Every structure is written in C-alpha cells, then in structure tokens.
Amino acid sequence: MKKYRILIWFPYKFDYYIGIFKSLNRRDDTECRDKSDFGFETDYYSQKDYEKIQADFHANIILLYQITKRELFIDISDNVIVWSYMDDVFGKYVMVGKDYFRNFPQKNYLYLPVLDEKAFDLDGVMETMELKKKTTMAPFVPFCAVDNNVISDSVKEKYACDIALILYKRRIGDASCRRMAGINNNNALAKDAMQMLGLLYVAMRKEILEQEHIVVDVEWIERLLIRYFDQYNIWQYARNREELLERWKRLSLYVINVNLYGEIIADWLIERDYNLKLYGGWEEKKYRKYSMGYLREGSKSVQYANCMAKIGINSNPMIAIHRRTLDYMSAGTMCLSAGAGTRNFDAKANFSHYSHFFEDKKSIVMFYNKKELYDNIDFYLSHTERREEIAMAGKSIISERKLDYQNVVNQAFNELIDRMENNGDKVV
C-alpha cells in the first residue's frame, strides 16, 4: 500500500483543525503531522525550519491553509504536492478573481468548500486555465458536535437561548477588511478605497433598511459604483476600467454585504427583544444586553453555543451551506438561514446552495426579508415539535450524506489522490 506522508503547514493551530489531523491520521495509507509536532518552536515562514522538518519527516504532500506555495515564499521542491485548503474562498477568488488563478502555482492542488462550480466560476477562469483538473470541491468542514448529555448544568445555563447568531463582527476600516480589499494604508489609493467602501456601506445599508429584505442586486451595485467612480475620479487608478469595476463588484458583495447583513439581521432581532445571544464581538452599547463576547474558532465554547440554542441563524446569504449551517444542524439545532435577494437569484448564483442537501421547511428554514425572519422565529419558537422535527431532519441528513468533518476530509483527500493520478503527477 502507498503511504502518503502529509505535513500540515498552517500558520496557526485552531482546535477546529485538530479534527482534520485526526481524520487523516485514521487512514491506513497516511501519516499526518503538524509542524508543531517536531519538538521545537516553528516559524511558519522560515525556510530553515521547513527544511529541518522535511529532512526528518520526508513529507510528500504539504497541506496549506488559505495560502499557496507561491504566496508562502518557501521553496518546496517540485516532487512534493501542495494541497491548499481555501476555506476563505471569497477572499482568495471572489475578490481577487482572475489574478489569483493566473498566478496559481502549477504543482498546487486546491480544495474549495463550494458545491456549484458554474455559479462559483462565473467567468470560466478555472475552465480556461484547466484548474478544474486540480480542484476538489466539497462542503465546508463542520465542527465535531458535542454530546448534549455530557454538558454540565452550569454550561447549559450559560449558553441556553432561543436564538444564537455567531458572527465575528467587523467594521469597514478594520484590519481584516483592509486585508480582504488588498489595501495598503500608506498610499493615496488606499484612502480613496476606504472612503469608497464607507460610502457603499452607507448606501447599501439604506437600501436594505428601506426595502426590509436582503439585497444582492449586482446590477444595482454596478450602477452605484459607476456613480461614485465618476464622482471621485477613481478611474484614474485603473489600467482596465472593466476589470476595476468587476473587482469592486466582488469586493462590495463580500466586504460590505457579508458584514452588513449580519449587523442588520442582529438589529432586526434586537428590535423584537428576543432571547438572543450574539457571539463574536458586538461591543456597541445597543448590543451589550445580548453580546457574549468572542469565541475561539473551533473551541468547545463554539460547540456549546451551537447546540444550546433553539434556533441558529446563518447570516451569510451567499453561502447557505456555510460551516455555521452544518454546525447548527450537526448539533441538533434548527438552522434559520438568510437567502439572497429573490429566491430565483438565490438558486442561480449561490454557489453552495442549500438545495444540494436540504429542503426548505423540512430540514432547514430560509428567510429572505425582515417579515419572514420574524414570522419564522415566532412560529418555530411556539411550535416546539415542528422545530425539533426540522432540527432532527437536518441532523439525520448530515449523518446519512456523510457531511461530518471526518467524511468530508476523507472524501476530499480521496479526490486529491484520484486527480493526481489522472494528471500524471507521482507522489513518491
């Protein structure tokens, strides 16, 4: 039997990824090691540390997280396969777009947690660059759910609520948003770009609040961008006006909308003063009654928050099958998920559409506007039996369709091996 030696070369080690390590190590054909397993402090960016570990372990597959070999600036020899797990698909492709895939190293393979390839790759870059041959698509890897029966009474009391919303709150101008936009604070373009994001944020917030539904109207966004580009002479920075506009449409959909939706949905929830718990910041005065602070990614606390709510909200309308969706469901909690714009738009352009696995009102519940959010919450909180039926249906589908972290990781790895063999790449 071939033995694949996998070195996990992540910049940090969340509890969440320990599941990936354990899952790969359970296989008879793999030995999976993390860089921290070698008895000394490892610099993720150090060529010397990498060579020291590689000389000891002789890994033939390097698993990177959110980054490619070329971005890492470490010399990985061509006989070693690089497998990049791109959890943050928006940041890498939806915003950076063609430029990212143009520079994608030839020896890299890619794991994307998306399901609808055509909806994801609207401009056909993966097709024309033959990246389809090197890309594995599978759902997000969920957390490993805890057993409700072993949770202490004090923990249950701390996390119990009617509604949980887990979202790491960011504001336009935060360092994370600047990184997403590729903005360097030390140049004039950066200042104009941040001003542009601020203007768009205000305009889109106004639109959503006026219509009281979740707007993802790309044509409307484009018209708004052109107006501001003309007004502030942003075109002076563009070598190609069409590419600049396309990139900003993607940027607007993510940096503004994903954060904006969560904030507006939270505002809609506190208007009704539901028994709500917000996780992931939310420090402003109006949220303090509901805010539970930050949770470490992948920690037991996140799992407690998932399973101790009656309803879990997924506020990302463009990825209805988000990790949070699977986390709530695997914990036996009913997931109430935001949908984008109209139902037709949602079905056409959502590249991880819920209908791959789940059915609205049977194993997941979708909402598209403020009224539907309220109506669904009020109905399912007052109809316990129906809510629990939907929650159990979602949990059963995760089990039946093998959407737990161990099966998803192994499915992706099996596909990786098949792709390598089909492409003629040999792993020594």
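Which residue in S5 does Tyr 85 stand opposite? In this predicted model, the partner of Tyr 85 is Tyr 111. The two strands concerned, S4 (residues 81–85) and S5, run parallel and are paired over four bridges. S5 also pairs with strand S6 (residues 135–137), again in the parallel sense, here over three bridges. In that pairing Leu 110 stands opposite Thr 135 in S6.

S5 covers residues 108–112, and five of its five residues are buried, so the strand is largely enclosed by the rest of the structure. Its side chains divide between two directions: Asn 108, Leu 110 and Leu 112 point one way, while Tyr 109 and Tyr 111 point the other way, and all are buried.

The nonpolar cores come next. In soluble globular proteins, nonpolar side chains tend to be buried together. The largest nonpolar core here has 52 residues, and Phe 229, Trp 248 and Leu 373 have the most contacts inside it. Helix H12 (residues 241–271) gives the most to this core, with 13 residues. A second core, separate from that one, has 49 residues, including Tyr 100, Val 114, Ala 309 and Ala 320.

A loop residue gives a contrasting case. Tyr 294 lies between strand S8 (276–279) and helix H13 (300–307). Its relative accessible area is 52%, and because the cut-off for exposed is over 50%, Tyr 294 counts as exposed. Beyond its neighbours within four places in sequence, Tyr 294 is in contact with Tyr 168, Lys 169, Gly 280, Gly 281 and Glu 283. Tyr 168 is 126 residues away from Tyr 294 in sequence, yet their C-alpha atoms are 7.6 Å apart in space.

Technical notes. Residues numbered from 1 in each chain as written. Predicted model: local features only at pLDDT ≥ 70, side-chain atom pairs only at ≥ 80, totals over all residues. Heavy atoms only, no water. Buried < 20%, exposed > 50% of the residue type's maximum accessible area, 1.4 Å probe, protein only. Contact = heavy atoms within 4.5 Å. Core = buried A, V, L, I, M, F, W, Y, C linked by side-chain atoms within 4.5 Å. Pairing = 2+ DSSP bridges.
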